[in-house]
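Visitor: I'd like to go through this model and hear the reasoning behind the labels. Could you walk me through it?

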Amino acid sequence: MNAEKQLRELIPYNQQCMIVGKLLGDGNISIEKGRQPRFRFSHCLKDKEWVFWCYEQLKDHVELSFPKYRKVIDQRLKAGYSESYYTQSKVGETSTLLREVWYPKGKKVLPLEFVNAHFSPLTLAWWYQDDGSLTISNSTIRKIILSTNSFSNQENKKLIEILFANLQLLFSLDNQNRLVIYDQKQILYFLSLVSEFIHPCMSRKINIPKNKLPSFQLNQRTTITLPITIPITSPTKDLRQILSYLPELLTQLQNRATYHYFFKHEFFLENTDCKRKSYQIQLEQNELRLLYECGQLTGLTMNQSTELCYILQRNKNNNLIKERQIAYQFLTKN
């Protein structure tokens, strides 16, 4: 039986995801000549609670020692020293198997199949809390970074493929060999995916500035651009009917499950190959406010929110047609 299969039998799936997130982040396996391997990780003093939380989640599956305080003299630092908490596992089967998977030749590599099989929002959240950061400037979200410079360029490209295949996240590599997202829709989706697994002491990594709701001019004239596949014959009437679904859209986007469904299936990405047509319409204050709130929540543009409203309208109409067909079939049979 190979090491990956043995690990699956020894450790529950969620804990496997946590360990994968940890080994993508700050975790490692000790490789010392003449000594048995140990799984271990440490974090700075300010993240003490995160160390203890990770310990509590994994101690029964990796046999971790109780976290210990450590102070290291380092004259390169302003304070002249660093403070941290660390823990490591006892010598045993689990650490030996992890070494076989992650350090097959004594050097850390990316076990693609194993990572892919245990990559979930939980995995991403643990990885992000270890080695991720959110960049905000002038109250605007700029980017999310996953520090992967310890992996090779090719390994990071494989990680990008795994992130896309499992979570539909489109990362790229920066000039420091780190994984980054700049697109606001992707960033907000990322934060929504990981938020339920973020420990309170790591809340700085998901805190988004709340912008004050702007004032909207009464009956503001706006241009909305939509795919030509959306039938618009009377722009004001048809668009106003589509936008009547804005309250329902906002409610669905505020629900994590439906928000994630929309993102995965509609992608929140404009198809550049699709021909589009622009329409002039005077929007009411409530419509502008709802469009703004959808954008703040998800990064959707006004055009994309309108397109999603159309999808809601179309689906509702299709459901009504199906219900009528079923009712008609029932009546004709009886």
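**Labels and the reasons for them**

Guide: Sure. This is a predicted model. Start with the open sheet of four strands, ordered S1-S2-S4-S3 and paired antiparallel. Its edge strands are S1 (28–29) and S3.

Visitor: What makes S1 and S3 edge strands?

Guide: Each of them pairs on one side only.

Visitor: How do you know that S2 and S4 pair?

Guide: Count the bridges. Two strands pair if there are at least two bridges between them, and S2 (residues 39–44) is joined to S4 (residues 81–88) by five, running antiparallel. So the pair qualifies. For one example, Arg40 has Gln88 in S4 as its bridge partner.

Visitor: And what makes S3 and S4 a pair?

Guide: Same test: at least two bridges are needed, and S3 and S4 have six, in the antiparallel sense; therefore they pair. Lys71 stands opposite Glu83 in S4, and Val72 stands opposite Ser82 in S4.

Visitor: Which order do the strands take in the sheet that contains S5?

Guide: S5-S6-S8-S7, another open sheet of four strands with antiparallel pairing. The edges are S5 (132–137) and S7 (172–173), each pairing on one side only. S5 and S6 (residues 140–146) run antiparallel and are joined by six bridges, with Ser133 opposite Ile145 in S6.

Visitor: What packs on that sheet?

Guide: Helix H6 (residues 121–131) does, touching S5, S6 and S8 (179–181). The direction of H6 makes about 70° with that of S5.

Visitor: Let's turn to rings. Why is the pair of Phe52 and Phe66 called edge-to-face?

Guide: Two values settle that. The centres are 5.3 Å apart, and the limit for a pair is within 6.5 Å. The planes stand at 70°, and over 60 degrees counts as edge-to-face, so both the pairing and the name follow. Phe52 lies in helix H3 (residues 48–62) and Phe66 in the loop between H3 and S3 (68–73), so the pair ties together parts 14 residues apart in sequence. The structure holds eleven aromatic pairs.

Visitor: How much space lies in the largest pocket, and what lines it?

Guide: About 680 Å³ of space lies in it. The lining has 26 residues, and Leu188, Ile208, Lys210, Gln296 and Leu297 lie nearest the centre. Elements giving two or more residues to this lining are S6, helix H8 (184–194), helix H10 (246–254), helix H11 (256–266) and helix H12 (285–298). H12 gives the most, with six residues.

Visitor: How do the lining residues of the largest pocket divide by type?

Guide: Into 13 nonpolar, ten polar and three charged. Lys counts as charged and Gln as polar, while Leu and Ile count as nonpolar.

Conventions: Residues are numbered from 1 along each chain as its sequence is written. This is a predicted model: local features need pLDDT of at least 70, side-chain atom pairs count only at pLDDT 80 or more; totals for chains, interfaces and linings use all residues. Side-chain values use heavy atoms; hydrogens and water are left out. Contact means heavy atoms within 4.5 Å. Axes are lines fitted to C-alpha atoms, for helices over the stretch in contact, and angles run from 0 to 180 degrees between N-to-C directions. On a 1 Å grid over the protein atoms alone, a cavity is a set of points where a 1.4 Å probe fits but cannot get out, and a pocket is an open set with protein on both sides within 12 Å along at least five of seven lines; lining residues have an atom within 4 Å of a point. Grid points are joined across faces, edges and corners, and a volume is the space filled by probe spheres set on the points. Rings of Phe, Tyr and Trp (its six-membered ring) pair if their centres lie within 6.5 Å; planes under 30 degrees apart count as stacked, over 60 as edge-to-face and the rest as tilted.
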